[in-house]
Amino acid sequence: MFKLIPYKQIFIKRKVSETIDWGVRLLGAPDIWKLCQGQGVKVAVLDTGTSPYHKDLKESFIFKKNKIIGINFSSKNRNNINDHQSHGTHVTGIIAANKNGLGIIGVAPKTKIIPVKVMNDYGEGDISWIVNGIYWVIENIKKYDIKVISMSLGSPEPFLSLKQALIEAKKNGVITVCAVGNQGNWSELGYPARYAEEKLCIAVGAIASNKKITEFSTTGEGMKKMGVVAPGFEILSTIPENRYASFSGTSMATPHIAGVLSLAIAKHQIYGGKTPLTNIDEAYEHLKRLTLDIGKKGADRVYGLGLPILKKEVFKSLRVSTRL
């Protein structure tokens with residue numbers, strides 16, 4: 001059984017004046033918004049669903065005939081992607097909460113989210129739901145032009161079917177980002193993040209506002225092979241019923257990186273570049289160029305490459321001349 005990777009819920013607010021949370025500021029996202037805001041990029045969020053009618057997420061989804069584009073593998077009702085657990089809505093807001101004068105602003109506020117509900121209302125998910133969710137994304141890449149998969153969930157056990165799904169996602173050019181887990185300084189990451197060791201996903205650990213690794217962020221070889229860190233402590237974002245809450249966990253760090261990648265992909269789509277950002281290897285190379293090394297020199301088991309910082313002068317001229 002897979003479970004969500006939230007660490008702690010801090011507080012809940014019903015109303016929030018428009019706020020740029022500390023994590024979005026630390027990444028430097030506001031410096032990029034005049035250049036691009038993630039427009040034209042679609043991110044599949046494999047989680048507990050979402051709240052499609054949250055006031056701060058009105059522009060975050062694709063609707064067709066008044067029906068949101070998404071799917072539910074956790075129940076027989078495939079069309080019901082509503083989030084009754086809060087986790088998926090919180091992740092969605094971190095990536096793409098709208099710049100609309102209220103609530104919060106996501107890392108990439110014009111990115112479109114495609115909710116793929118693979119976790120039930122208790123925050124648990126069967127391996128078949130998750131694998132089916134990944135294959136659904138692969139089958140719909142061209143139809144919906146999906147670029148990124150964000151997964152803030154995990155299990156201590158490996159699954160061959162999950163690994164094979166990630167292999168297929170990589171073959172099809174989808175960039176998958178996964179939360180490392182909240183077990184602290186264990187010897188290895190949870191799954192699917194541990195598949196970063198085989199360069200099948202980008203593993204994401206959590207830092208606090210002082211740029212130090214949190215006490216809960218799991219560490220391991222996957223971080224050294226293909227990992228980064230992002231804000232994951234007391235992160236303010238959207239939850240159901242037009243509310244907001246502050247959560248901590250590597251679950252919150254992961255969508256920050258999905259948002260960073262959305263901005264990078266949008267930049268390439270608008271301005272071009274010597275090497276298009278079309279697969280996970282190119283994505284990791286881009287992150288190398290953007291990342292501040294805050295751990296041991298070079299990629300390490302705790303911080304991975306380090307913390308991506310979106311500086312306009314670097315971002316606008318970003319070029320990739322090598323591949324992994």
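This tour proceeds from the whole chain to one sheet, one helix, the salt bridges and a few backbone exceptions.

**Setting up**

The model is a predicted one, in which local features need pLDDT of at least 70 and side-chain atom pairs count only at pLDDT 80 or more, whereas totals for chains, interfaces and linings use all residues. Numbering starts from 1 along each chain as its sequence is written, and side-chain values rest on heavy atoms, with hydrogens and water left out.

**The whole chain**

Begin with the C-alpha trace, which fills a box of roughly 45 × 45 × 40 Å along the principal axes. Cartoon display brings up 9 helices and 17 strands; helices (H or I, at least four residues) and strands (E, at least two) are DSSP runs, numbered from the N terminus. Of the 324 residues, 60% are buried. Here buried stands for under 20% relative accessible area, exposed for over 50%, and partly exposed for values in between, with a 1.4 Å probe and protein chains only. Taking contacts between residues at least 6 apart in sequence, 79% join residues at least 24 apart; a contact requires heavy atoms within 4.5 Å.

**The three-stranded sheet**

Next, select residues 8–13 and 235–239, which are the edge strands β2 and β14, each pairing on one side only. Together with β15 they form an open sheet of 3 strands in the order β2-β15-β14, with antiparallel pairing. Strands count as paired if DSSP finds at least two bridges between them. From one strand to the next, the twist averages 30 degrees; angles run from 0 to 180 degrees between N-to-C directions, with axes fitted to C-alpha atoms, for helices over the stretch in contact.

Add residues 243–248, strand β15, which is joined to β2 by 5 bridges. One position to label is K13, whose bridge partner in β15 is Y244. On the β14 side there are also 5 bridges to β15, and I239 stands opposite R243. Strand β14 is largely enclosed by the rest of the structure, because 5 of its 5 residues are buried.

Now show residues 87–96. This is helix α2, which packs on the sheet, touches β14 and β15, and makes about 115 degrees with the direction of β14.

Finish here at the hairpin of β14 and β15, which has 3 residues between the strands. Within that loop, E241 has a positive phi of about 65 degrees although it is not a glycine. Its relative accessible area is 57%, so E241 counts as exposed.

**Helix α5**

Select residues 160–171, the helix α5. The end C-alpha atoms of its 12 residues are 16 Å apart, which agrees with the expected span of 16 Å at 1.5 Å a residue; that expectation is 1.5 Å times one less than the number of residues. Colour L162, A165, L166 and A169, which are buried. They lie on the same side of α5, because they cover an arc of only 100 degrees around the axis, the arc being that of the directions from the axis to the C-beta atoms. On the other side, L160 and K171 are exposed. Just after the helix, G173 takes a positive phi of about 85 degrees.

**Salt bridges**

Switch to side chains. The model holds 9 salt bridges, each defined by a side-chain nitrogen of Lys or Arg within 4 Å of a carboxyl oxygen of Asp or Glu.

- K171 and E168 meet at 3.5 Å, N to O. They are 3 residues apart in α5, so about one helical turn separates them.
- D281 and K170 have their closest N and O atoms 3.4 Å apart. This pair links distant parts of the chain, with D281 in helix α8 (residues 280–290) and K170 in α5, 111 residues apart. D281 is buried at 17% relative accessible area, while K170 is partly exposed at 24%.
- E197 and R194 meet at 3.5 Å, N to O. Both are partly exposed, E197 at 28% and R194 at 26%.

**Backbone exceptions**

Most residues other than glycine have a negative phi, and most peptide bonds are trans. Centre on Y191 and P192, which are joined by a cis peptide bond with omega about 15 degrees; P192 lies in the loop between β11 (175–179) and β12 (202–207). The last stop is D145, a residue other than glycine with a positive phi of about 55 degrees. D145 sits in the loop between α4 (141–144) and β9 (146–151), and is partly exposed at 28% relative accessible area.
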